[in-house]
Amino acid sequence: MITRLTVRLGLHGEAGLDDQRLAPGASLKSGKVSSAIWPSFFSGQGFRGRRAWLCAGAAALLLSACATPQKISGLGEGPAFERAGRFALNVSNANGQREALQGGFAWRDTGRLLVLDLANPLGSILARIDVSPSSATLTRSDGRIEQAPNPDALVEEVLGSPMPVRGLRGWLQGQVGDSAVSELKKDEEGHISGFTQDGWRVRLSRYDAEGPRLLQMNRSDTSRDISVRLVVDES
């Protein structure tokens, strides 16, 4: 299933996932999508490397379709929790500058080992993150490798903005993990629907048998407001 994905930049300064679904086989209809946007993120420039592009007059970029990456298979031993879908990441800086990134993801977690693929809006895999109990490794599409003590530090180093990968290991399954939680809420069916943990305000909804299919996460500090939205398309 392909879902229309809309990015609003420049005057609007945010990127969001539009929930209007298209039939399988639907194609891009809104003009050209620049593939030059994405390599800057995965060459280590992150948001910082795209500021000049965003300020150069790109008032709006519309994507009428966004491909979901294929599920990761054959990695790790034993059963695994798997999800695939799309994400949108938005940052509003204290200086008024706004930045946005979107794409697809595929997730495979055995409990001990986690593999996360990040893709551009057309579905091409641009980076893979492998997480073990002791380290996190990112392999770029050109074969270059980077390491960090944990996946959150690695994602922030690459993207220039944090994404709560450690928290998502529980949140994608409708769980809150081990660290302290406040403002816990549940829906009418008993599913966890909202809470605050590790500085993130989290909302979970659209549950299926595996967990939430929509995750919305927000975080604020003195320098920026961060918003992450995940939409699960496949289990």
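## Terms and basis of the model

A residue is called buried when its relative accessible area is under 20%, exposed when that area is over 50%, and partly exposed in between, with a 1.4 Å probe and protein chains only. Strands (E, at least two residues) and helices (H or I, at least four) are DSSP runs numbered from the N terminus, and two strands count as paired if DSSP finds at least two bridges between them.

The model is a predicted one, in which local features need pLDDT of at least 70 and side-chain atom pairs count only at pLDDT 80 or more, while totals for chains, interfaces and linings use all residues. Residues are numbered from 1 along each chain as its sequence is written, and side-chain values use heavy atoms, with hydrogens and water left out.

## The eleven-stranded sheet

Eleven strands form an open sheet with antiparallel pairing, in the order β10-β9-β8-β7-β6-β5-β15-β14-β13-β12-β11. Its edges are β10 (145–148) and β11 (181–186), each of which pairs on one side only.

At one edge, β10 pairs in the antiparallel sense with β9 (residues 136–140) over four bridges, and Ala136 stands opposite Ala148. The hairpin of β9 and β10 has four residues between the strands, and Gly143 there takes a positive phi near 95°. Glu146 and Ala148 make up the covered face of β10, whereas Ile145 and Gln147 make up the uncovered one. At the other edge, β11 runs antiparallel to β12 (residues 192–197) and is joined to it by four bridges, with Ser182 opposite Thr196.

## Strand β15 and its partners

Strand β15 (residues 224–234) is largely enclosed by the rest of the structure, because eight of its eleven residues are buried. It pairs in the antiparallel sense with β5 (residues 81–93) over ten bridges, and Val232 is the bridge partner of Gly85. Seven bridges join β15 to β14 (residues 212–220), again antiparallel, and here Leu215 stands opposite Leu230.

A hairpin of three residues connects β14 to β15, and Asp221 lies in this loop. Asp221 is partly exposed, with a relative accessible area of 38%. Although Asp221 and Asn93 are 128 residues apart along the chain, their C-alpha atoms are separated by 9.7 Å.

## Nonpolar core

A nonpolar core is a set of buried Ala, Val, Leu, Ile, Met, Phe, Trp, Tyr and Cys residues joined through side-chain atoms within 4.5 Å. The largest one has 35 residues, of which Trp107, Trp171, Leu215 and Met217 touch the most other members. Leaving aside neighbours within four places in sequence, Met217 is in contact (heavy atoms within 4.5 Å) with ten residues listed here in full: Pro164, Leu168, Trp171, Trp200, Arg201, Val202, Ile226, Ser227, Val228 and Leu230.

## Cavities and pockets

On a 1 Å grid over the protein atoms alone, a cavity is a set of points where a 1.4 Å probe fits but cannot get out, whereas a pocket is an open set with protein on both sides within 12 Å along at least five of seven lines; lining residues have an atom within 4 Å of a point. The structure holds two cavities of 30 Å³ or more. The second largest cavity is lined by Phe87, Phe105, Trp107, Leu116, Leu118, Met163, Leu168, Leu172 and Leu230, and the elements that give two or more residues to this lining are β6 (98–109) and β7 (114–119).

The second largest pocket has a lining of 15 residues, of which Arg166, Gly167, Ser179, Gln197 and Asp198 lie nearest its centre. Helix α4 (residues 165–171) supplies four residues, the largest share of that lining.

Technical notes
Points joined across faces, edges and corners; volume = space filled by probe spheres on them.
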